[in-house]
Amino acid sequence: MTVYFVLFFPVAAALLAPTFRTERLQGRWATAACLITLVSTVVTGASLYGSVVVMPALRLRLAFDGFRLLYAVIVCFMWTMAALLSPEYFEGHRHTKRYYCFFLLCLGATVGVFLAADLYTLFLFFEIMSLGSYVWVVQEETEGAMAAGRTYLTIAVLGGLVTLMGLFLLYHLTGTLEISALKAACLLVANRRALWAAALCIFFGFAAKAGAFPLHIWLPKAHPVAPAPASALLSGVLTKAGVLGVLIITAQILPYDDRWGTLLLAVGTVTMVLGAVMAVCSTNIKHIFACSSLSQIGFILVGVSMINLLGEENALAAHGTVLYMVNHSLVKLTLFLLSGVVYMNCHALDLNDIRGFGRNKPWLHLLFLLGAGSLAGIPGLCGYLSKTLVHEAIVAYAHLSHHWAITAVEWLFLISGGLTAAYLTKVYVALFWQKGKETDPTWGTWRSWLAVTLSAVTLPVLGLAPHALAEKLTGLTLGFTGGHPLPHQVHYFSLENLKGVAISLAIGMAVYFLFIRRVLVDREGNYVNRWPRWLDMEEYFYKPILHTLTGLAGVAARAVCDLPDAAILLLRRTVLRPVRSKARRHPYTLGARMLARFRDLAHPDAADRFSTVQEAASRMAGSLSFALLATSLGVCALLVAVIIHVFG
Amino acid sequence: MLYGMILLPAAMGLFCAFTGDGQRRLRRAVLLTGQIVLLLLALYAALSGRDYASPLWQITETITFSLRLDAVGILFCCLTAFCWLLTIPYAHVYMPHQGGEPRFYAFLFATEAAVMGAALAADFMTLYLFFELTTVLSAPLVLHGQDDGALLGGAKYLYYSVGGAFLALFGMAVLQQHCATLAFVKGGSLLPGHHTPLVLAAVFCAIVGFGAKAGLYPLHNWLPSAHPAAPAPASALLSGIIAKCGVLAILRLLYFVVGPEAIRGTWVQTAALTLTALTIALGSYMGCLERGLKKRLAYSSISQISYVLLGLFLLTERGVMGGMLQLFFHALAKIAIFQAAGAVILLTGNTRIDQFRGLGRRMPLTMACFTVVSLSLVGIPPFGGFWSKWYLATAALSAAPGALGYVIPAVLILSALLTAGYLAQPIIAAFFPGRDCPEALLTPVDEPTAMMTSPVIFAALTGLLGLAPGAVLTLTETLASCLL
């Protein structure tokens, strides 16, 4: 019963949200609903841990294992934090009813995504989540938001349907969609090409949601325009739903397949570097964080590929990847909520306009440092552990494979880590050190304070207790990710591991001082975005291709569609020409014509109706359809005659 | 019993023909009562489990007219009665604005009688008779507006349908010599040793001919002219039910006259599947190109009804199941969406897609229904349309010959994408008009309750039955096992 509650309480709460009159009440209701969901998820998870729940009437299956429960709890926690900040953020905004309604609806859907035990359940909730979060993106209804929404929806629908195609194929090949049964079923499939096609189709949709290259185009557009609490969730959770799908493919559909790991590694590396470079160039704080998400998803995908490539020795990669996901979720929650605080106070997001906002706010300063430090991988915070583990995994694989490309990936990993440090320094310096407009030292009510603080505090808690907490948590998820337990204790703070961070930070500082301060700042000291416009893949690659294709297809479709009509028209103009003169001389038309002619004498309406009838009659009489109709009547008459003949 | 199910709507139609504009309430009361009785009759017949059969005439030894109730017929009858019932309150609000009510109702219910007859037919001759009757009796519904569009639409409708039926008649004439009987027998009654190329050609002709009614390429082009021309309550039923008579006829032909065994693996199956795939893609694409609201929905019908045919042509239980699910869910969704479109046209005068801006604030209930059934048409879970697409695609993967097995699911996905494209556009404009939208486009319009009942019920059904599909899936499964 409690399972139904976990899934349907948020939906019911969503439907109730618009009934509250004031924005404040709606906000409180949303917070309370998120909190109730969080508690009920924990309670349900504790009582049902390790079991699978089937809802036969709804054809849904939910599982409660370590990974799923961990993420379900994180989802509820993040939603609660975002809900806490929302009322203040939305003060004076329009359409808050709509926002809260879809906010809660997506909570139910997202919990469903992470708890799903089969791919149908997963797909169902995934689609609700994808389409529901469209409302977040276009919430402000500005021009930019609508444009971003179009891109988002296009990619979401396209991704969803391609995934569905993959599910068709997978079900056809294996006969099951149950995630835990897939591994055995997929290993038995003889038609590997079809299985690969299925996996790639499924990957398409999930990669699009995760924001992997080359389907990332929606992400840097959509995250900045959404309201900050929603961006936090889009970036922190929804991308992870995409990663979830990639994990399922890796662990269940294509296990032990090196080519899959290699593909994933390539996609991940490109995404990782691209996102970081874009973030370095950008000047909008939310855009920087969005590009950063892109880059971090790249890191995570590299980690996932290592789970696959390392096979039996993937313990480091498996632990590191899950920890990376958790870290990124919490960091992005913190940072996007902080950007929300900035927006609430300054009503601007450009670095040049918000300069110096944090100068007299020490607590905000600390919270930002916690979030940014964790993202950059500073020892003592959660991000350091995850980065170290994934880095170690890459090093291990480089040793194993002796391939120069893997060493290159390792260096790109370090460089991207450096770029992360560089763009975060850029934001940090602009926000907390450079001088700008004087602002009030208070930056929000206790609710916002609580929301950001609670989000940020989780990072050092996880980071300072690597063995007691972080490893225990990730250890629970091995069953899902297909990882192996750690063979020996990891010395997180050993010199070797600290060296990696040191290299990254050194690169970061070099980039910051040599590139950002010199190239990306103009003479007056303003930040400028020097990211070349022609690198916009959507404008200069996807759209032209799409327009050309749709144009051609349109012409073709119209031609094919109207071909039968054209043939009939041709016949009517040549062989089957209507005999017009005879139809005109017909007596009943004569009467009609006479009546129509004496229009003045007759009632105008009657004459009008008559001329319509006359026109209709002449058209029908002249057309082939009339001839056919007459023939059919004739056939009917013939039938009657036959009947009379037989019975009479 | 069976006579009653045909004669009752006919009598209702006759009654309507003699009521004036002053007797609207009386007419509504009589129609509602009669229709509820009819629905109860159909349900009773379905639940009683008795075998109803009543012969009409026997002309020669092979040509007979008779009625019989079987699983397919009863599903069709119940669906028809239900949809007509919900249309009555809608039409009661809509039609006074259009005028000519007595004639409209008379032909509407006469058409229902013909559809019932086609569903209950026990042999090919009876089916053909009622099939032609549905065409002839529903033509006045298309012609109702009496303007240029209506005349063109009506003429095209008659031309294509009658022409198609003649093609089918040819097929029937050939089959009559090669089948033991024209009465419907499970598994068909093709004589052994008569599996000749001529028979296959005849079957193909009949498919194309009956396909005209269902909007199957190449005889599909009457739909975008005729459906938009009719008044909204009629276009809803034309798309939702009457066009499905073509599906019914093809189903009878394939599963009860020729038999699936005779068709499976032949060029006829391949060609028919190719035609449906082409129609599905074409209809969706033309929908994207079209700017007129009702015309766009008519193109959508072309595409969606071909899904049903696709399921039938697969000749497997799973395929039939998918087809029947699609028949059911498309009927619900398309009637609701046409009624919502009718409400928009009636209350705001907007007939084009680009005039939808702000409609979500003006007519929230209408647009909510529109959105829900759109999601079902696209095939987004948990709405009903998802299940039909799921069964169709998986059936195609395992049953379609050659490369078609992979092409058909891909076409289904492509079509779903295009459907999302042409339906999302008005929905987005309606609910997210943008900040600079003039206030005049946002003032709410009063949505008459009587008018909204029907789309709301249909939308709710697509949602609920999609979320908990157990009952519908069992029903279609039983149905499929009755055919194969």
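What covers the buried residues of α2(B)? In this predicted model, the cover includes three helices of chain B: α1 (2-17), α3 (71-94) and α4 (101-120). The residues beneath that cover can be named. In α2(B), B:Arg27, B:Leu31, B:Gly34, B:Gln35, B:Leu38, B:Ala42 and B:Ala45 are buried. An α-helix has 3.6 residues a turn, so residues three or four places apart point the same way.

The length of this helix can be checked. Helix α2 of chain B runs over residues 24-48, which makes 25 residues. At 1.5 Å a residue, the expected span is 36 Å. The C-alpha atoms at its two ends are 35 Å apart, so the model agrees with the expectation. After α2(B) comes B:Gly49. The phi of B:Gly49 is positive, near 70 degrees.

Chain B as a whole is described next. Chain B contains 20 helices and two strands. Along the principal axes, its C-alpha atoms fill a box of roughly 75 × 55 × 45 Å. A compact globule of 484 residues would have a radius of gyration near 23 Å; chain B has 21 Å, which agrees. Of the 484 residues of chain B, 62% count as buried. Contacts in chain B often link distant parts of the sequence: among those between residues at least 6 apart, 80% join residues at least 24 apart.

Confidence was also examined. The model scores ipTM 0.91 and pTM 0.89. For chain B, the mean pLDDT is 89, and 99% of the residues reach 70 or more. Within chain B, confidence is lowest in strand β1 (residues 53-58), at a mean of 76. It is highest in helix α13 (residues 293-313) of chain B, at 93. Where pLDDT is low, the predicted coordinates should not be read in detail.

The two chains touch. In total, 44 residues of chain A are in contact with 39 residues of chain B. On the chain A side, the elements that give two or more residues are α5 (119-137), α6 (143-174), α21 (537-573), α24 (604-622) and α25 (624-647). Of these, α6(A) gives the most, with twelve residues. The residues on this side of chain A divide into 30 nonpolar, seven polar and seven charged.

Attention then turned to the nonpolar core. The largest nonpolar core has 417 residues. Which of them touch the most other members? They are A:Met78, A:Leu104 and A:Leu337. Leaving aside neighbours within four places in sequence, A:Met78 is in contact with A:Ala232, A:Leu233, A:Gly236, A:Val237, A:Ser329 and A:Leu333.

A:Leu104 lies in helix α4 (residues 96-115) of chain A. It has 27 C-beta neighbours inside 10 Å, and therefore counts as buried. Beyond its neighbours within four places in sequence, A:Leu104 is in contact with A:Pro10, A:Ala13, A:Ala14, A:Ala17, A:Ala30 and A:Ala33. A:Glu410 gives a contrasting case. A:Leu104 and A:Glu410 are 306 residues apart in sequence, and their C-alpha atoms are 41 Å apart in space.

Several loops have backbone features of note. Two of these features are cis peptide bonds. In chain A, a cis bond joins A:Phe213 and A:Pro214, with omega about 0 degrees. A:Pro214 lies in the loop between α8 (192-210) and α9 (218-225) of chain A. In chain B, the bond from B:Pro381 to B:Pro382 is cis, with omega near 5 degrees. B:Pro382 is placed in the loop between α16 (364-378) and α17 (385-399) of chain B.

Positive phi values were found as well. A:Arg59 is not a glycine, yet its phi is positive, at about 60 degrees. This residue sits in the loop between β1 (52-55) and β2 (60-63) of chain A. Is A:Arg59 buried, exposed or partly exposed? It counts as partly exposed, because it has 19 C-beta neighbours inside 10 Å, and a buried residue needs 20 or more. A:His347 is also a residue other than glycine with a positive phi, near 55 degrees. Its place is the loop between α13 (315-346) and α14 (362-376) of chain A. A:His347 has 9 C-beta neighbours inside 10 Å, so it counts as exposed.

Definitions and conventions: Residues numbered from 1 in each chain as written. Chains lettered and ligands numbered in written order. Predicted model: local features only at pLDDT ≥ 70, side-chain atom pairs only at ≥ 80, totals over all residues. Helix = DSSP H or I, 4+ residues; strand = E, 2+ residues; numbered from the N terminus. Expected span 1.5 Å × (residues − 1). Buried ≥ 20, exposed ≤ 12 C-beta atoms within 10 Å, placed from the backbone. Contact = placed C-beta atoms within 7 Å. Core = buried A, V, L, I, M, F, W, Y, C linked by C-beta atoms within 7 Å. Nonpolar A, V, L, I, M, F, W, Y, C, P; charged D, E, K, R; others polar. Rg over C-alpha atoms; globule rule 2.2 N^0.38 Å. pLDDT = per-residue confidence, 0-100.
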